[in-house]
Structures are given as C-alpha cells and as structure tokens.
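Trainee: I have a new structure open and would like to learn how to read its side chains. Could you walk me through some features?

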Amino acid sequence: MKKLDEVKVLRDPVHGYIHIHDQIVWDCVNSPEFQRLRRIHQLGATYQVYHTAEHSRFSHSLGVYEIVRRMVTENSDIAQALDDYEKITVMLAALLHDIGHGPFSHSFEHVSKYSHEDYTYQIISQDSQIHDILRKENERLPYDVASVINHTHPNTLLTQMVSSQLDADRMDYLLRDAYCTGTSYGEFDLERVLRTIRVREQKLVVKESGMHTIEDYIMARYHMYWQVYFHPVSRSYEALLHSFFKRLLDVYHEDPMELKKATMFQALCEKEYLTNRELYELDECACQYGFSLMRYSSDAILRDLADRLLNRRLFDYDDLYTIDQENEYYHWIQSQGYDPEYYMYVDRTEQRPYQPYQDQENNAIWVLMKNGTIQELSKASTIVNAILKGENKNEKKVFFPKELNN
Ligand code: NI
C-alpha cells in the first residue's frame, strides 16, 4: 500500500487532527463522490433547531476514519489481530460508510425506494471514481470494503469497529453532534474507550475498568436522541420535506411538464432508483435551488410547501395517544380547507439506549471482567441493567400548519 510522501494532517475540532498516511485514503477523500458529502448536512434538518449544526457528512466521515485509524495503530490488541490488508480495508470502510447518503438523509429515504445503505454499496461496487480507486489497488478491495459496511465481511472484528453498538461511527457522531449543536449531552471519554478496548475470541471487548465510560456513552446516546435527533422542531421541518416531495411526485405524475424548470428533481420523480451520477447531482444545494424554483410553480400546494421550507414556516405539533385522536386531527385539518395528504404528518419515534442481544446488525457490547471471563454489558453493569428494565421510550406526534391553531 503506497504511503504519502508527507502525512496529511487536517484540523478537526473533535479529534484535534485527522491523520492521513495512505495514498489510497487521500485519493478517496479527493474523489467527487466524497467531496459531495460537503453538500450533505450530517444532521439533516437539525440546523433548523440548533442553528450551528451546519456540519456535513464530510467531516463526520473523516472523524470515523480517524477513530478507526487510531484503533488499528494505537491499540496493540487490534493492531496484532489484523493484517495490513484488513487494516486498510477497515479504514476505508470507516471513511466511506456514509457515501450513499442522499439530501436530508431520512426524508429523502421516504421518497426514494433505495436506502442510503443500498446507494453506499452501489457507489463502492460499481461505476464511480471511488470504485476505480479501490479496484486499481486490488480487484477485491471494493467488495471487501462494501462487505464491512453491510455486515457480511467474514472477519466480524472489522464490522464491529465500523458498525455495532460501540463503533467508530457512533463515537464520532455523538461527540461531533454535541460539539456542533452546542449541547453537552453527547460527551463521553473517547480516549478512555480507545485505551480499554481489547480483542478476545474475535470480538471487541471493553475492560471492566473502562465500563463506567461505556455507561456514560450509553447515556450520552440516549440523551442525544431525545434532545437533538428526535427534536420535534427538526421533525417538523422533515414533515415539510416529506410533504413537499410527496406533492412533487403527484404533480409530476399528473403533468411531467410542470417540473421541466426544476430538472434536479427529474430523475427522482421518473425512476425507482438513481444512478451514481444522478445521486451525485442531487445534493442539498440542488434541492434548495429546486425549492426556490418551485415557489413559482403553477401548483398552489407545491408553491406553499416550497415557501415554508425556504422561510422556515414550520408545522406545529401535538402528541398523539389514540387512533381516534389521529382521526379527529384528520377531519379538523380537512374542514379548515387543507388537504391532509400534504398538511398532516404523523411520526412515531422509539429508541432503546442499548440492545443486549446480538444479531447481524447489533453486536452487543462485551465486558472483559477482572477474572478473565467475558460478560454482556447489561449483566456486568447495574446501571445498564436498570435502564433496560424500564419501558422503551416512544412517542407519536402529529404535525399540521401552525396557522390552524390561531
Ligand atoms: Ni455515520
């Protein structure tokens, strides 16, 4: 693997510096597909609530790479467990794990049939500069990198580092999102986690002495979900995005000519899934310009929704407890002259701070006890055990135009 003549060091507010030693990592960073991530917000609509949450998937992806790079170089257990090819594979998987995200991630996934995981696989495995860069190094590399991301790589150590319940992805986004929103909920001691990770029976485990840091990390995650990720105001903006795209598709199906001004949305309306090129072109800048153009649409609903998106005229919201309540809202919104198809949005959220079982996607967290045995986290930690005994927190909300409440 070719090394750079000089290590590239990129300043980063979370990690201090990001270090790039390998030519192939640098080439991927400079590819158009990776540079596009600068034009996708890391937290979708959250900057509508926390006005400094302007960070992009670009900086998060570099941060995940840096954590994995430190794992494979500074943690001697991990460094010994992997060969050089596996190390570069897992660093690239960390760097590229979010490469398939569309604009406003989750809202976009409602419209497109494909998930960001599908697009990530598509970009790495075919017809992109990233694919060419990886393939030039080794025919197998694109598929090995993609298989770490989609959990099918035979060496589960690699998949655990990039995607599990204690992975570099979560570690970076909690710290970065806390920093960029200005909240302190997401903070935990990353240095200590990295120092106390060990490898046993082909699993990442955490030494018992590092367990309190892990408890802190689990709580950080729990609070970030309810205070930041599920914030009702950003969900309100997402409701608008959802309605806008839904109306856009309906208008397109009635009269394709209506969208001829906003060609950025053409492929999205026409096709089940996008090619790499089409996804590349559909970033958040393109969407914002599209909203701007749609303010002059001949369709009144589309015009209104575009204006709401641009000028942050958000929907109001209320908690829903019963189906009857939901029906009442439907009729009320309709009786006020609004089409509930586009002016009512119901959204349910649920989050479990930690899942003690293990499946393909959710590796449990394992603790290496002082006596040398390995225990699953909720057995080793009374705090985590107590959290799991509580009910899962979930909520359902209805979103509707604010002016209806006046
Ligand atoms: Ni990520």
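**Reading rings, charges and surfaces**

Mentor: Gladly! Let us begin with a single residue: Tyr17 is placed in strand E2, which covers residues 16–22. Keep in mind that this is a predicted model.

Trainee: Is Tyr17 buried, exposed or partly exposed?

Mentor: Buried means under 20% relative accessible area and exposed means over 50%, with partly exposed in between. Tyr17 has a relative accessible area of 35%, so Tyr17 is partly exposed.

Trainee: Which residues form a nonpolar patch with Tyr17 on the surface?

Mentor: Val7 and Val9 do, and together with Tyr17 they have about 240 Å² of accessible area.

Trainee: Now the rings, please. How many aromatic pairs are there?

Mentor: Two rings pair if their centres lie within 6.5 Å, and by this rule there are 22 aromatic pairs. Take Tyr114 and Tyr273: the ring centres are 4.8 Å apart and the planes are at 10°, so this pair is stacked.

Trainee: Where do Tyr114 and Tyr273 lie?

Mentor: Tyr114 is in the loop between helix H6 (105–111) and helix H7 (116–125), while Tyr273 is in the loop between helix H15 (266–270) and helix H16 (276–281). The pair therefore ties together parts that are 159 residues apart in sequence. Tyr114 is partly exposed, at 25% relative accessible area, and Tyr273 is also partly exposed, at 44%.

Trainee: Which pair is edge-to-face?

Mentor: Planes over 60 degrees apart count as edge-to-face. Phe188 and Tyr217 form one such pair, with 75° between the planes and 5.2 Å from centre to centre. This pair links distant parts of the chain, 29 residues apart: Phe188 sits in the loop between helix H11 (168–181) and helix H12 (190–196), and Tyr217 in helix H13 (residues 211–229). Phe188 counts as buried because its relative accessibility is 9%, and Tyr217 counts as buried at 1%.

Trainee: Which residues form one aromatic cluster?

Mentor: Look for Phe104, Phe244, Phe245, Phe265 and Phe291, which make up one cluster.

Trainee: What sits over the ring of Phe58?

Mentor: The charged end of Arg38 does, 4.0 Å from the ring centre. Likewise, Lys246 has its charged end over the ring of Tyr342, 5.9 Å from the centre.

Trainee: One last feature: with which side chain does Ser378 make a polar contact?

Mentor: The partner is the side chain of Glu376, at 2.6 Å. Ser378 belongs to helix H21 (residues 377–380), and with 8% relative accessibility Ser378 counts as buried.

Terms used:
Residues numbered from 1 in each chain as written. Predicted model: local features only at pLDDT ≥ 70, side-chain atom pairs only at ≥ 80, totals over all residues. Heavy atoms only, no water. Patch = residues over 30% accessible without salt bridge, like charges linked within 9 Å, V, L, I, M, F, W, Y side chains within 5 Å. Areas by Shrake-Rupley, 256 points an atom, 1.4 Å probe, with all protein chains shown as cover. Salt bridge = Lys/Arg side-chain N within 4 Å of Asp/Glu carboxyl O. Helix = DSSP H or I, 4+ residues; strand = E, 2+ residues; numbered from the N terminus. Buried < 20%, exposed > 50% of the residue type's maximum accessible area, 1.4 Å probe, protein only. Phe/Tyr/Trp six-rings, centres within 6.5 Å; stacked < 30°, edge-to-face > 60°. Lys NZ or Arg CZ within 6 Å of the ring centre and 35° of its normal. Polar contact = N/O pair within 3.5 Å; in protein donor to acceptor, adjacent residues only side chain to side chain.
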